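Please examine the sequence and structure shown below. The report that follows introduces selected features for a reader new to them.

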Amino acid sequence: MLLQHIADGVLSGAVVALGAIGLSFAMKILRFANFSHSELLTWGAYFALVFLGFTTAFSDFFGGNIGPLSFGWPLLIAMVLSAVATSVLALVLHALVFEKLGRGAGHMTMVFASFGIALLLRHVVVLIWGPNPIYYSNELQFAVLLPGNVRVMPDQVFLLGLTIVLVVSLHLFMTRSRAGIAMRGVSENPDLARVSGVNVDNVVRWVWVIGASMAAIAGVLYGLTVQLRPELGFGLILPLFAAAILGGAGSMYGAVIGGLVVGLSENLSVMIIPTTYKPAVPFLLILLILYFRPDGLFGERR
Amino acid sequence: MIGVISYLVFFLILALIFSIAVLGLNLQWGYTGLFNAGVAGFIAVGAYTMAIMTGPSREAVMGGFELPFVVGLLGAMCTAGFAALVVGLITLRLKDEYLAVATFGIAVTIQLVCLNWEYVTGGTLGLISIPNPAKPLTDGPLAQNSVFLLIVVGVGGIAFWSLERIVQSPWGRMLKAIREDADAAASLGKSPTRIRLESFVLGCMLMGLSGALYVAFIGYVSPSDFLPIVTFQIWTMLIVGGSANNRGAVLGAIIVWGVWTSSGYVISKLVPTEIQAQGGAMQAVLIGLILVLMLLCRPRGLIGERMNVSRHARI
């Protein structure tokens, strides 16, 4: 049982980790706690559903499912298109609301606006797609038995693999590309970055695009392994914040490790407390970390 | 005509009950700059306290104390204040954003407790037949509601008057000083953390009071009454009315509750019953739009903060 909980924890932690990367960047570079970030996961998942409708029309061309997975190329292409669409959505929100507020009002007004936007986004999903759960595919999938009596779905193994690939490529982006280095510069010291000729507005747009793309993919993976519902992102608000705060704002690796810690502690908690209280675990983690290490495990002391 | 008056009384009772929570939030956000994202949680604490303290005895559920209404109100304020004290002690020394996240978490946790701690909260079924203080005094629904309206006006009036006194007192000026510049206030020997905590606890006590009145009026309490949308509603009321102005808080409560109920009425007429969930979503979208547009176009609200300048100053 213990090994099963650990496996489940790592898998749900991987989704949280992907979602938390964008949130962590937002807290550090955009300088506000974006409560609407988790709604980008929801929108990413539902955008992919729309694109999946188009791509399955060409399923003869793509062939059937890939190996033991419950999906084929149509879903992967839909996921990439959804990342693009979610990035556009994030950029629109930035241009219409957050950019304006960031200039004039204080940063708490932005937190606040993100609250209103989260509410809007969540309920527009209900308006368009209805309140009931939806699945990408109705096919039954059989679990694979791993050593130690651990059962995992092939889709979950894919989820973990994709997460690792994404984190490694993001690492390369942050360390090798000009945009990535500029992003780190702005994160360290915005004024110094500006006088060194970094276009801060562009960096901010990059932050939105990366955060939204990661969120969209996390949303699709969640929809794939659990289900799609309008409260998908809402239920992840606390786990995402817990991961971002645990890792320390602005730290990508921190967010990934934070995500794993959150996933593991959620799944291991059911061994001590009733399952019904599981959603409170990330909150307890937040309180603990804020009390003992307010800057997170990997954040710098200010 | 009687129908219209009855409805107006009913509407005003709920609007004024909410306005008490908005006043509490105004003390926290408007005057002290504390972001409380868990308003619904503190209202729930007050509501359940009222239900347990004044309710009849039930099978398999704690309670049956049948204490008087006023004792229930005071008890609700105490428990909500205590919950605020615990959260505040942990989070108030931190950055503002973390307070928002932590209070959001406490609201989620409180809702979980309401749903699952059946011995105390009755679980998903909630607690029913909570006595209405106006019932023994009158007969007929209109008379009963009118008396209850008087009670709410009385309790709300005391809260409003006390807050007006408080924010004009030296302590109230200190709140604003901390909101504007905590470091400067600290350099004058004030303790921002302590004063923030006091303001946070006092504001949450008012939210608890509002929850207690709500339960006494509706007569039952269940976890679905305190969904996060309540927090959004209370916030929108404050922003529409104008933060750092107690009159604005009350005005915002009446206007936003009016928009909410009338839009609910219109939608229920227009939207077929099969897709009622979408109808509810439309209402929420409307509230979200009002909140965001207000922040963008008129951030100070309908009646915002008034400049408070010393009589002796010359400008």
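The following paragraphs address confidence, domains and two individual residues.

The model is predicted, and it scores ipTM 0.86 and pTM 0.89. For chain B, the average pLDDT is 86, and 97% of the residues score at least 70. Among the elements of chain B, the mean pLDDT is lowest in helix H5 of chain B (residues 118-121), at 80, and highest in helix H9 of chain B (residues 192-218), at 92.

The domain assignment of chain B gives domain 1, covering 17-226, and domain 2, covering 228-310. The centres of these domains of chain B, taken over C-alpha atoms, are separated by 20 Å. Contact between them involves 25 residues of domain 1 of chain B and 19 residues of domain 2 of chain B.

Two residues, one from each of chains A and B, are set out in the table.

| Residue | Helix | Relative accessible area |
|---|---|---|
| A:Leu3 | H1 of chain A (residues 2-30) | 47%, partly exposed |
| B:Gln28 | H1 of chain B (residues 2-31) | 0%, buried |

A:Leu3 contributes to a nonpolar surface patch of about 580 Å², together with A:Leu2, A:Ile6, A:Met271, A:Ile272 and A:Ile273. Because its relative accessible area is 47%, A:Leu3 counts as partly exposed.

B:Gln28 counts as buried because its relative accessible area is 0%, and buried means under 20%. Apart from neighbours within four places in sequence, the residues in contact with B:Gln28 include B:Gly33, B:Leu34 and B:Asn36, as well as B:Ser199, B:Phe200, B:Gly203, B:Cys204 and B:Met207.

How values were computed: Residues numbered from 1 in each chain as written. Chains lettered and ligands numbered in written order. Predicted model: local features only at pLDDT ≥ 70, side-chain atom pairs only at ≥ 80, totals over all residues. Heavy atoms only, no water. Patch = residues over 30% accessible without salt bridge, like charges linked within 9 Å, V, L, I, M, F, W, Y side chains within 5 Å. Areas by Shrake-Rupley, 256 points an atom, 1.4 Å probe, with all protein chains shown as cover. Salt bridge = Lys/Arg side-chain N within 4 Å of Asp/Glu carboxyl O. Helix = DSSP H or I, 4+ residues; strand = E, 2+ residues; numbered from the N terminus. Buried < 20%, exposed > 50% of the residue type's maximum accessible area, 1.4 Å probe, protein only. pLDDT = per-residue confidence, 0-100. Domains from an automatic or database assignment. Contact = heavy atoms within 4.5 Å.
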